[in-house]
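The exercises below are meant to be worked with the coordinates open. Try each task before reading its solution.

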Amino acid sequence: MIMVTSDHIEGKSINRTLGLVKASSIRARHLGKDITAGLKKLVGGELSEYTKMLAETREEALQRLEEEAEKMGANAVVSLRFTTSMVTSGAAEFLVYGTAVVVS
């Protein structure tokens, strides 16, 4: 599956537009990660626990998007976008969406 943030794919032709495709993943913080991150805030530096958690969440949402696009008959997704939002205290949603297309 080709997934791009642009509205076209270099060297490919969009034959059919299938429509909006979207997927999300919601993750809650983990108490152990919060404690470690809290200690790191005191000395500075990257909060790698959260970086890893967000990367895993993003990959899960992308995998789900790919599955949804395939169900629609797409072989590519263009205009891919990511967004996040807080669902509740300590939990965030990672949403990915784009346009499912058939390219050749």
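**Exercise 1. Overall layout**

In what order do the elements of the protein chain run from the N terminus on?

Solution. Before starting, note that this is a predicted model, in which local features need pLDDT of at least 70 and side-chain atom pairs count only at pLDDT 80 or more, whereas totals for chains, interfaces and linings use all residues. Residues are numbered from 1 along each chain as its sequence is written, and side-chain values use heavy atoms, with hydrogens and water left out.

Step 1. Assign helices and strands as DSSP runs numbered from the N terminus (helices are H or I with at least four residues, strands are E with at least two); the protein chain then has 2 helices and 4 strands.

Step 2. Reading from the N terminus on, the elements follow the order β-β-α-α-β-β.

Step 3. With contact meaning heavy atoms within 4.5 Å, residues 24 or more positions apart supply 72% of the contacts in the protein chain that have a separation of 6 or more.

Step 4. By the Shrake-Rupley method with a 1.4 Å probe, where for residues only the protein chains shown count as cover, the protein chain exposes about 6500 Å², and carbon and sulfur atoms account for 53% of it.

**Exercise 2. The nonpolar cores**

Which residues form the largest nonpolar core, and which element gives the largest share of this core?

Solution. Step 1. Classify each residue by relative accessible area, with buried meaning under 20%, exposed over 50% and partly exposed in between (1.4 Å probe, protein chains only); buried residues make up 27% of the 104 residues in the protein chain.

Step 2. Join buried Ala, Val, Leu, Ile, Met, Phe, Trp, Tyr and Cys residues through side-chain atoms within 4.5 Å, which defines a nonpolar core. The largest one has 11 residues, namely Val21, Ala23, Ala61, Leu62, Leu65, Ala69, Ala74, Val77, Leu80, Val96 and Ala100.

Step 3. Two or more residues of this core come from each of strand 2 (14–28), helix 2 (48–72), strand 3 (76–88) and strand 4 (91–103), and helix 2 gives the largest share, 4 residues.

Step 4. A second, separate core of 5 residues includes Ile9, Ala76, Val78 and Val103. Val103 is found in strand 4, and its C-alpha atom is separated by 5.4 Å from that of Asn15, although the two residues are 88 residues apart along the chain.

**Exercise 3. Helix 2 and its salt bridges**

How far apart are the end C-alpha atoms of helix 2, and what span should its 25 residues have?

Solution. Step 1. The expected span is 1.5 Å times one less than the number of residues; for the 25 residues of helix 2 this gives 36 Å, which agrees with the 36 Å between its end C-alpha atoms.

Step 2. Find the salt bridges, each being a side-chain nitrogen of Lys or Arg within 4 Å of a carboxyl oxygen of Asp or Glu; the structure holds 2 of them. Arg64 pairs with Glu60, the closest N and O atoms being 3.4 Å apart, and Lys71 pairs with Glu68 at 3.3 Å, N to O.

Step 3. Arg64 and Glu60 are separated by about one helical turn because they are 4 residues apart in helix 2, and Lys71 and Glu68, being 3 residues apart in helix 2, are likewise separated by about one helical turn. An α-helix has 3.6 residues a turn, so residues three or four places apart point the same way.

Step 4. Check the accessibility: Lys71 is exposed, at 65%, whereas Glu68 is partly exposed, at 33%. Arg64 is partly exposed, at 35%, and Glu60 is partly exposed, at 27%.

**Exercise 4. Two serines**

Is Ser25 buried or exposed, and what is the phi of Ser79?

Solution. Step 1. Ser25, which has its place in strand 2, counts as buried because its relative accessibility is 2%.

Step 2. A polar contact is a pair of N or O atoms within 3.5 Å; within protein, one must be able to donate a hydrogen and the other to accept it, and residues adjacent in sequence count only if both atoms are side-chain atoms. The side chains of Ser25 and Glu60 are joined by such a contact, of 2.4 Å.

Step 3. Ser79 lies in strand 3, and its phi is near 55°, a positive value in a residue other than glycine. Most residues other than glycine have a negative phi.
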